[in-house]
Every structure is written in C-alpha cells, then in structure tokens.
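Q: I'm new to reading protein structures and don't know where to look. Could you walk me through this one, feature by feature?

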Amino acid sequence: MLATTPEVEETDQRILELLYQGLADATVARKLGLGHRTVQRRVQNLMTLLQVRGRVALGAKAQELGLLPASGSSA
C-alpha cells in the first residue's frame with residue numbers, strides 16, 4: 001500500500017522550509033509573525049503528523065514526501 005502525502009497547512013509548510021534553511025525556532029517565529037512557543041508546538045505537531053522522532057528525521061521525511069525543495073535547489 002502506498003503512503004499518501006499528508007495535508008500540511010501553509011504555515012506549517014513555511015515553517016518546514018525555514019527550518020530546512022537552518023533557521024532557529026525563534027528566527028522562524030519572527031519571520032512568520034508567530035510566537036516562539038507556537039513554532040515549537042507546530043514542529044511537534046508536524047513530527048506527530050509525519051510519524052517521526054526528532055528534527056533531522058522530520059526534515060528527511062518532509063523531503064521524502066516532496067514537502068521541501070530538492071537538495072540542489074536554493075530557496
């Protein structure tokens with residue numbers, strides 16, 4: 001059975017992209033006009049949604065599912 005790509009909200013998609021660029025939670029929060037704790041909570045929710053433990057695994061899974069740009073592209 002093929003796994004389907006989970007539905008990710010636009011804000012969560014943006015959080016993933018900014019984390020992928022190497023930004024810290026606090027910086028992501030400032031860029032998106034969110035609270036630091038809100039970003040942390042949303043990252044935790046994304047890890048639950050994508051069924052991974054840890055941020056490295058989150059990035060790898062998001063890339064695998066096509067939620068992030070290809071490795072060679074710059075955003």
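Q: Okay, let me start with one residue: where does Leu-34 lie?

A: One thing before we start: this is a predicted model. To place a residue, ask which element it belongs to or which elements it sits between. Leu-34 is in the loop that runs between helix 2 and helix 3.

Q: Is Leu-34 buried, exposed or partly exposed?

A: Here you look at relative accessible area: under 20% is buried, over 50% is exposed, and partly exposed is in between. Leu-34 has 27%, so it counts as partly exposed.

Q: Which residues is Leu-34 in contact with, leaving aside neighbours within four places in sequence?

A: The trick is to skip the sequence neighbours and see who is left. For Leu-34, that gives Thr-11, Ile-15, Ala-29 and Val-39. Take Thr-11: Leu-34 is 23 residues from it in sequence, yet their C-alpha atoms are 9.8 Å apart in space.

Q: Let's zoom out. How many helices and strands are there in the protein?

A: Counting elements is a handy way to get your bearings. You'll find four helices and zero strands here, and reading along the sequence gives the pattern α-α-α-α.

Q: At what angle do the axes of helix 1 and helix 3 cross?

A: Picture each helix as a line and compare the two directions. Helix 1 covers residues 10–20 and helix 3 covers residues 36–49; their axes come within 10 Å and cross at roughly 95°. An angle from 65 to 115 degrees counts as roughly perpendicular, so that is how helix 1 and helix 3 are arranged.

Q: Which residues of helix 1 and helix 3 meet?

A: List the residues on each side. From helix 1 you get Thr-11, Asp-12, Ile-15, Leu-16 and Leu-19, and from helix 3 they meet Val-39, Arg-42, Val-43 and Leu-46. Sorted by class, this contact of helix 1 with helix 3 has six nonpolar, one polar and two charged residues.

Q: Charged residues caught my eye. Is Arg-42 buried or exposed?

A: Don't guess from the residue type; check the accessible area. Arg-42, which sits in helix 3, has a relative accessible area of 16%, so it is buried. Setting aside neighbours within four places in sequence, Arg-42 is in contact with Glu-9, Thr-11, Asp-12 and Ile-15. You can also compare sequence and space again: Arg-42 and Leu-16 are 26 residues apart in sequence, with 9.8 Å from C-alpha to C-alpha.

Q: And Asp-12, is it buried or exposed?

A: Same check. Asp-12 is in helix 1, and it counts as buried because its relative accessibility is 11%. Once residues up to four places away in sequence are left out, Asp-12 touches Arg-42 and Leu-46.

Q: What about Arg-37, buried or exposed?

A: Arg-37 belongs to helix 3, and at 65% relative accessibility it counts as exposed. For a distance to look up in the model, Arg-37 and Ala-26 are 11 residues apart in sequence and 8.6 Å apart, C-alpha to C-alpha.

Q: Which residues touch the most other members of the largest nonpolar core?

A: Think of a core as a web of touching residues, and look for its busiest members. There are 18 residues in this one, and Leu-16, Val-43, Leu-58 and Leu-67 touch the most other members. Helix 1, helix 2 (25–32), helix 3 and helix 4 (55–64) each supply at least two residues of this core. Val-43 touches Ile-15, Leu-19, Arg-55 and Leu-58, not counting residues up to four places away in sequence.

Q: What percentage of the protein's residues count as buried?

A: That's a whole-protein view: of 75 residues, 29% count as buried. The protein exposes about 5,200 Å², and carbon and sulfur atoms supply 50% of that.

Q: Last one: what is the phi of Gln-51 near?

A: Most residues other than glycine have a negative phi. Gln-51 has a positive one, near 55°. You'll find Gln-51 in the loop between helix 3 and helix 4, and with a relative accessible area of 72%, it is exposed.

How values were computed: Residues are numbered from 1 along each chain as its sequence is written. This is a predicted model: local features need pLDDT of at least 70, side-chain atom pairs count only at pLDDT 80 or more; totals for chains, interfaces and linings use all residues. Side-chain values use heavy atoms; hydrogens and water are left out. Axes are lines fitted to C-alpha atoms, for helices over the stretch in contact, and angles run from 0 to 180 degrees between N-to-C directions. Angles under 35 degrees count as roughly parallel, over 145 as roughly antiparallel, 65 to 115 as roughly perpendicular and the rest as oblique. Contact means heavy atoms within 4.5 Å. Ala, Val, Leu, Ile, Met, Phe, Trp, Tyr, Cys and Pro count as nonpolar, Asp, Glu, Lys and Arg as charged, and the others, Gly among them, as polar. A nonpolar core is a set of buried Ala, Val, Leu, Ile, Met, Phe, Trp, Tyr and Cys residues joined through side-chain atoms within 4.5 Å. Buried means under 20% relative accessible area, exposed over 50%, partly exposed in between (1.4 Å probe, protein chains only). Accessible areas come from the Shrake-Rupley method with a 1.4 Å probe; for residues, only the protein chains shown count as cover.
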